[in-house]
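The exercises below are to be worked with the sequence and the model at hand. Each task is followed by a solution in steps.

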Amino acid sequence: MAGATELAIAVPRAGVTVSALLDRPAGALALLALAHGAGAGMRHPFLERLSAALAARRIAVLRYQFPYLESGRRRPDPTATLEATVRAAVATASELASDLPLAAGGKSMGGRMSSRAAAGGGLEPVRGLVFFGFPLHPAGRPGTARADHLTRVSQPMLCLSGDRDRLAELELLRPVCRRLGDRTTLRVVAGADHGFHVLKRSGRTDDQVLEELAATAADWIRGL
């Protein structure tokens, strides 16, 4: 993204350093530490466009890599390493923008690992978590065990999920969010799949969906 500052984040638990990009617009009102999904890194077009749309709404964004992609591997790191990376990114974000309210989250796996890190402690500076497509279960294998740890998350959570998401069937996701109570806000994106793509017959475009995601997330983050 034009104007983004390249950074490096040390992850002591893993003994590695990962790349990061900070985009802080003039007059920023908050900062979101944004983690990528399992199959694509921080420069994926979706995250590039989402970060730009959030910045346009005065939400600064810190995107960062997980170690496995930093080193060119395709298999995700062990959960402990992923969680440690989230904690390191949040610590860096807190130092870089100590004057801004801080949120964390990510796309798919990145959001799930952010919530696991919060559930395990160490994300105290974070005021809220944002999930862009929470991967509740593998495709074709419905279940809710991946959400069990969310009961230990103390921060408010925003879950943005498409109604065609095969990794988060709504008949399972809605009850999970209801059980979590007022701490969780579910926003269903009409016509969207797990990647927030929409079919042509929906009458909407992917760009319109992305603007909806950014507007909803920015409004929610500003209210933390």
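**Exercise 1. Locate Arg 58 and describe its backbone and exposure.**

Solution. Arg 58 sits in the loop that links helix H1 (45-56) to S4; helices (H or I, at least four residues) and strands (E, at least two) are DSSP runs, numbered from the N terminus. The model is predicted: local features need pLDDT of at least 70, side-chain atom pairs count only at pLDDT 80 or more, and totals for chains, interfaces and linings use all residues. Residues are numbered from 1 along each chain as its sequence is written, and side-chain values use heavy atoms, with hydrogens and water left out. Next, take the backbone: phi of Arg 58 is near 70 degrees, a positive value in a residue other than glycine. Last, take the exposure: with a relative accessible area of 40%, Arg 58 is partly exposed. The classes are buried under 20% relative accessible area, exposed over 50% and partly exposed in between (1.4 Å probe, protein chains only).

**Exercise 2. Phe 196 also has a positive phi. Is Phe 196 buried or exposed?**

Solution. Start with the angle, which is about 65 degrees in Phe 196 although this residue is not a glycine. The residue belongs to the loop between strand S8 (184-189) and helix H6 (206-222). Its relative accessibility is 2%, so Phe 196 counts as buried.

**Exercise 3. Trace the strand pairings of S2 and S4.**

Solution. Two strands pair if DSSP finds at least two bridges between them. Begin with strand S1 (residues 5-11) and strand S2 (residues 16-23), which are antiparallel and share seven bridges. Within this pair, Leu 7 has Ala 20 of S2 as its bridge partner. S1 and S2 make a hairpin with four residues between them, and Gly 15 in the turn has a positive phi of about 65 degrees. Then go from S2 to strand S4 (residues 59-64): four bridges join the two, again in an antiparallel run. Here Ala 20 is opposite Tyr 64 in S4. Finally, S4 is joined to S3 by six bridges, and these two strands run parallel. Ala 33 is opposite Leu 62 of S4.

**Exercise 4. Why is strand S3 (residues 30-35) described as largely enclosed?**

Solution. Count the buried residues: six of the six residues of S3 are buried, so the strand is largely enclosed by the rest of the structure. Then separate the faces. One side carries Ala 30, Leu 32 and Leu 34, the other Leu 31, Ala 33 and Ala 35, and all are buried.

**Exercise 5. Describe the surroundings of Gly 143.**

Solution. Gly 143 is in the loop between strand S6 (126-132) and strand S7 (157-162). Its relative accessibility is 25%, so Gly 143 counts as partly exposed. Leaving aside residues up to four places away in sequence, Gly 143 touches Leu 136, His 137 and Leu 172; contact means heavy atoms within 4.5 Å. Leu 167 is 24 residues away in sequence, and its C-alpha is 9.6 Å from that of Gly 143.

**Exercise 6. How many helices and strands does the protein chain have, and in what order?**

Solution. The chain has six helices and eight strands. From the N terminus on, the order is β-β-β-α-β-α-α-β-α-β-β-α-β-α. For the whole chain, 52% of the 224 residues count as buried. Residues 24 or more positions apart make up 72% of the contacts with a separation of 6 or more.
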